[in-house]
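Biologist: Let us go through this model term by term. I will ask what backs each label.

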Amino acid sequence: MVLERDVADDDELPEHVRRNRVRWNAEAVNYAASGERAWAREEPTWGVWRVPESQLGVLPEDLAGKVAIELGCGTAYVSAWLARRGVKPVAIDSSPAQLATARRLQLKHALEFPLIEADAERVPCRGEAFDLAISEYGACLWADPDRWVAEAARILRPGGELIFLVNSVLFALCVPAEEGVAGERLLRPAFGMRRIEWPGDPGVEFHLLHGDWIRVLRHNGFEIEDLIEIRPPESATTSYDYVTLEWARQWPGEEIWRARRR
Ligand SMILES: C[S@@+](CC[C@H](N)C(=O)[O-])C[C@H]1O[C@@H](n2cnc3c(N)ncnc32)[C@H](O)[C@@H]1O
């Protein structure tokens, strides 16, 4: 079994992890329906525009038999997609409410894999236990990159792959802090961007410039293999209201990093 360390006590958690846990415990009820729809999809889709895997080629081809960990799994549909492709996933999340939805959907779809309440900055698993670590708007957006990338490097075996999907830099610069959609003006400085607390949102996000991602990945022993900037097809739709199709067809709103542990 890959589990090793105890889960951190609440008062040991960094402040942003505690705040994000409170946020996601409260938000879980609003994410259940989209989790249900994602679990029901046979083909993986990526990001808010649900671009099919067949168009993006995000996942490695030789998945069957691999051991994977999803960092900040939410309702764990990415792990479900992997499990249906022969992967043995372990899904971790710091929010018990999100994991409760994941558990309910496991039962509904008769698909079991370990769901663990844990902080991706301190993963309770032994080193070099996984072939693949993946995060879709999970720990990769809500955890401190210096800490979760170091943990991903620790728990991946040499040659193992890290895949994560986050908002693009352009999106982070162009989206209004209050309500509204991403526009055509840069609304904040790029230099110094890292930890972002949006007004009215109790959570803490991390948005990095590409150079900062490259440095944190390389510092932790990863070679970067790809940066997929997602362009949704003309027919794409989304249930999210902070970006329009017209905008996302012109500028990358989301990006997927693929890196390999040396
Ligand atoms: C937008 S959800 C993304 C997950 C999944 N792709 C989904 O949409 O259901 C973000 C998840 O990251 C989790 N998360 C945030 N910070 C975390 C951390 N430090 N460790 C583990 N999970 C974390 C949250 O609890 C939440 O469930």
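**Ligand and sheet: the labels tested**

Modeller: An oxygen atom of the ligand is 2.8 Å from an N or O atom in the side chain of Gln98. This is a predicted model: local features need pLDDT of at least 70, side-chain atom pairs pLDDT 80 or more, while totals for chains, interfaces and linings use all residues. Residues are numbered from 1 along each chain, and side-chain values use heavy atoms, without hydrogens and water.

Biologist: What makes the Gln98 pair a polar contact?

Modeller: A polar contact is a pair of N or O atoms within 3.5 Å. The Gln98 pair is at 2.8 Å, so the label holds. For Asp93, an oxygen atom of the ligand is 2.5 Å from a side-chain N or O atom. Glu136 has a polar side-chain atom 2.9 Å from a ligand nitrogen.

Biologist: How much of the ligand does the protein bury?

Modeller: Alone, the ligand exposes 590 Å², and the protein buries 96% of that (Shrake-Rupley, 1.4 Å probe).

Biologist: Which residues surround the ligand most closely?

Modeller: Of 18 surrounding residues, the closest are Asp93, Gln98, Asp119, Ala120 and Glu136. Near means a heavy atom within 4 Å.

Biologist: Why are S6 and S7 called paired?

Modeller: Pairing needs at least two DSSP bridges. Six bridges join S6 (residues 130-136) to S7 (residues 156-167), so they pair, and they run parallel. Ser135 stands opposite Phe164 in S7.

Biologist: Which strands are the edges of the sheet?

Modeller: The open sheet has the order S5-S4-S3-S6-S7-S11-S10, with mixed pairing. S5 (115-117) and S10 (222-229) each pair on one side only.

Definitions and conventions
Polar contact = N/O pair within 3.5 Å; in protein donor to acceptor, adjacent residues only side chain to side chain. Helix = DSSP H or I, 4+ residues; strand = E, 2+ residues; numbered from the N terminus.
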